[in-house]
Amino acid sequence: MRSCPMSVPPTASTVHLPQGSWGTVLDGLCALFPRIERSVWQDRFARGRVLDEAGQPLGVDAPYRVGLCVRYFREVPQETPIPFHETLLHVDTHLVVVDKPHFLPVTPAGGFVEQTVLARLIRTLDNPALVPLHRIDRHTAGLVMFSADPASRDAYQALFRQRRISKHYEAWAAPLPGLAFPQVRRSRIAAGEPFFRMHEVAGEPNSETRIEVLERHPMHWRYALEPVTGKKHQLRVHMAALGAPILHDPFYPDLPEPQPDDHARPLQLLARRLHFVDPISGMPREFVSELELLSPE
């Protein structure tokens with residue numbers, strides 16, 4: 001998928017206009033997104049919420065052009081506030097590191113647009129160039145790194161592509177007395193059903209997690225999890241596959257009927273520590289979450 005220039009705000013969604021005979025961009029968007037009323041699109045155009053590839057607002061009568069990169073700002077009517085707040089741990093010219101609370105998404109998705117770490121940070125730091133270097137699930141708490149400068153962004157993204165950054169998580173789950181630790185789980189993870197769940201399938205492994213036990217209690221153990229790879233929901237899938245799904249996991253091993261978030265029962269998974277050699281300064285860096293998982297015992 002082609003990308004729009006980095007000058008366009010990262011909180012905007014992207015669509016490249018396909019082949020079609022519509023006269024205007026407005027007509028095309030109405031056809032591509034039939035669930036959104038034409039009046040809603042007209043309002044977005046009027047407020048400068050539909051942009052071209054240069055980040056300039058498109059007029060409501062802008063002619064349709066196949067391949068045009070259009071960026072628009074998703075808006076959720078009456079978006080439910082998330083009553084938890086991120087904590088800024090580090091800010092410099094190149095890098096921003098935050099502690100993300102449970103239930104808060106990193107980037108816009110589904111019914112969340114303004115109630116995301118990215119949208120909040122852009123407002124707080126007045127920096128529309130912010131882009132997450134990696135992501136953790138909405139249900140997971142802990143460390144997230146953001147690039148603050150497009151000029152140095154690729155150097156930091158390479159840390160993840162080339163696996164030159166160590167990520168350490170903690171989790172509470174059921175005991176696994178039948179396994180020897182440290183344990184390494186390797187498997188092939190693929191998209192499942194519904195679309196937001198993952199599962200293990202036969203085939204060449206594409207995921208790896210190193211697992212150690214930090215505390216042992218009668219009903220729950222506290223685990224240290226080190227993902228070598230970064231597949232979606234990897235830690236949650238691996239722990240569930242071992243027979244110890246992470247405590248309060250709403251997706252694994254079973255998916256219950258949809259229900260509102262239970263803020264009293266957050267997923268007991270924390271992105272605890274990141275360490276790497278800084279690609280700009282050449283110095284080792286380490287960030288540690290200030291959050292703690294409460295013992296369920």
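This is a guided tour of a predicted model, going from one selection to the next.

**Stop 1: the first two helices**

Select residues 25-32, which make up helix 1, together with residues 38-46, which make up helix 2. Two packed helices are described by the angle between their axes and the distance between the axes. Here the axes come within 10 Å and cross at roughly 135 degrees. Helix 1 and helix 2 are therefore oblique to each other, and their crossing is right-handed.

Now show the side chains where these helices meet. On the helix 1 side, pick Val-25, Leu-26, Asp-27, Leu-29 and Cys-30; on the helix 2 side, pick Arg-38, Trp-41, Gln-42 and Phe-45. By class, the residues of this contact are six nonpolar, one polar and two charged.

**Stop 2: Gly-28**

Stay in helix 1 and select Gly-28. Is Gly-28 buried or exposed? Its relative accessibility is 0%, so Gly-28 counts as buried. Setting aside neighbours within four places in sequence, Gly-28 is in contact with Trp-22 and Tyr-64. For a sense of scale, add Ala-271, 243 residues from Gly-28 along the chain: the two C-alpha atoms are separated by 42 Å.

**Stop 3: a three-stranded sheet**

Next, select residues 13-16 (strand 1) and 50-51 (strand 2), then add residues 69-72 (strand 3). The three strands form an open sheet in the order 1-3-2, and the pairing is antiparallel. Strand 1 and strand 2 stand at the edges with a single partner strand each, so one side of each has no neighbour in the sheet. Strand 1 is joined to strand 3 by four bridges. To find the register, look at Ser-13, which stands opposite Tyr-72 in strand 3.

**Stop 4: two cis peptide bonds**

Move to Phe-181 and Pro-182, which are joined by a cis peptide bond with omega at about 5 degrees. Pro-182 belongs to the loop between strand 8 (165-173) and strand 9 (183-191).

Then go to Tyr-252 and Pro-253, where the peptide bond is also cis, with omega near 0 degrees. The loop holding Pro-253 runs between helix 5 (234-241) and strand 13 (269-277).

**Stop 5: two residues with positive phi**

Select Arg-163, in the loop between helix 4 (153-161) and strand 8. Phi of Arg-163 is near 55 degrees, a positive value in a residue other than glycine. With a relative accessibility of 55%, against a cut-off of over 50%, Arg-163 counts as exposed.

His-233 comes next, in the loop between strand 12 (221-227) and helix 5. Phi of His-233 is positive as well, near 60 degrees. His-233 has a relative accessible area of 7% and is buried.

**Stop 6: the hairpin of strands 13 and 14**

Finish with strand 13 and strand 14, which form a hairpin with six residues between them. In the turn, click on Gly-282, whose phi is positive at about 75 degrees. The two strands pair in the antiparallel sense over five bridges, and Leu-274 stands opposite Phe-287 in strand 14.

Which side chains of strand 14 (residues 284-288) point to the buried face? Arg-285 and Phe-287 do, and both are buried. Pro-284, Glu-286 and Val-288 point to the other face and are not buried.

Methods. Residues are numbered from 1 along each chain as its sequence is written. This is a predicted model: local features need pLDDT of at least 70, side-chain atom pairs count only at pLDDT 80 or more; totals for chains, interfaces and linings use all residues. Side-chain values use heavy atoms; hydrogens and water are left out. Axes are lines fitted to C-alpha atoms, for helices over the stretch in contact, and angles run from 0 to 180 degrees between N-to-C directions. Angles under 35 degrees count as roughly parallel, over 145 as roughly antiparallel, 65 to 115 as roughly perpendicular and the rest as oblique. A crossing is left-handed if the near helix is turned anticlockwise from the far one by less than a right angle, and right-handed if clockwise. Contact means heavy atoms within 4.5 Å. Ala, Val, Leu, Ile, Met, Phe, Trp, Tyr, Cys and Pro count as nonpolar, Asp, Glu, Lys and Arg as charged, and the others, Gly among them, as polar. Two strands pair if DSSP finds at least two bridges between them. Buried means under 20% relative accessible area, exposed over 50%, partly exposed in between (1.4 Å probe, protein chains only).
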